[in-house]
Amino acid sequence: IRIISLGALSISIVPEILEEFTSVHPEVSIILNTTDVKSYFNMIMDEDLDIAFGNQMGEQPGVEQVILAKVDYVCALPPNHPLCEKDIILEEDLVGEKLIALDSDDVLAFHQHTDLYKKIKPITQFSTQHSANAYSLVKQGLCSGVLEPFSAPIWEKSGVNIRPFRPKISYKYSAYFKENRKQNWVIRELLEIAERKFKKYENS
């Protein structure tokens, strides 16, 4: 089977899904690839693809989209940042701070980040669509960020400080597959596992 996902999911929740799936189906061969947002959106239409996991995006003809969870983003702070003393980071705490910007385009839009940054007017020297890039910059002390929670535990082990952020900034994540494959047993089983795995991140 062929699976694609966006980077943050490939190093966090997707391996959890595959661990459970392969424990029951050790005979199934799996090709897992990670791609950028625009390629991901186009690859969803690929006839050879079985299932994709990523941010909720626009509709595609002939493609089924199942929302798996709406997750709260977390505040990622560099090592020894003064705000690490706080248990919860509020938007007013980030006024004038160095924050990484999350790039929006016609495929993936971070509207809540845009609204937040208009209010708090941070210093945004860096921008990216890739979570790993953002967390890497935070780790180096170059900025802070309000980022996806899936890979947060991995980065926390390397020195990044993770705190809840309020008011909540939440985005939906979905699974995608061709409509003509919705009855395929592999799709149905992967989807059932994914729905359970994603729920633990929902409004956490």
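Visitor: Is Cys-84 buried or exposed in this structure?
Guide: The model is a predicted one, and in it the relative accessible area of Cys-84 comes to 17%. Since the cut-off for burial is under 20%, that value of 17% places Cys-84 among the residues that count as buried.

Visitor: How many disulfides does the structure hold?
Guide: A disulfide is a covalent bond between the sulfur atoms of two cysteines, and the criterion applied here asks for a pair of sulfur atoms within 2.5 Å. For Cys-84 the closest cysteine sulfur, in Cys-75, is 8.8 Å away, which is too far for a bond. For Cys-143, which is buried with a relative accessible area of 4%, the closest cysteine sulfur is again in Cys-75, at 11 Å and too far for a bond. The number of disulfides in the structure is therefore zero.

Visitor: Why do the buried residues of α4 lie on the same side of the helix, and what arc do they cover?
Guide: Within α4, which spans residues 111–120, the buried residues are His-113, Leu-116, Tyr-117 and Ile-120. An α-helix has 3.6 residues a turn, so residues three or four places apart point the same way. The four are on the same side of α4 because the arc they cover around the axis is only 95 degrees.

Visitor: Which exposed residues does the face of α4 turned away from its buried side carry?
Guide: The buried residues of α4 pack against the strands β7, β9, β10 and β11. Turned away from that buried side is a face whose exposed residues are His-111, Lys-118 and Lys-119.

Terms used
Residues numbered from 1 in each chain as written. Predicted model: local features only at pLDDT ≥ 70, side-chain atom pairs only at ≥ 80, totals over all residues. Heavy atoms only, no water. Buried < 20%, exposed > 50% of the residue type's maximum accessible area, 1.4 Å probe, protein only. Helix = DSSP H or I, 4+ residues; strand = E, 2+ residues; numbered from the N terminus. Arc of directions from axis to C-beta. Contact = heavy atoms within 4.5 Å.
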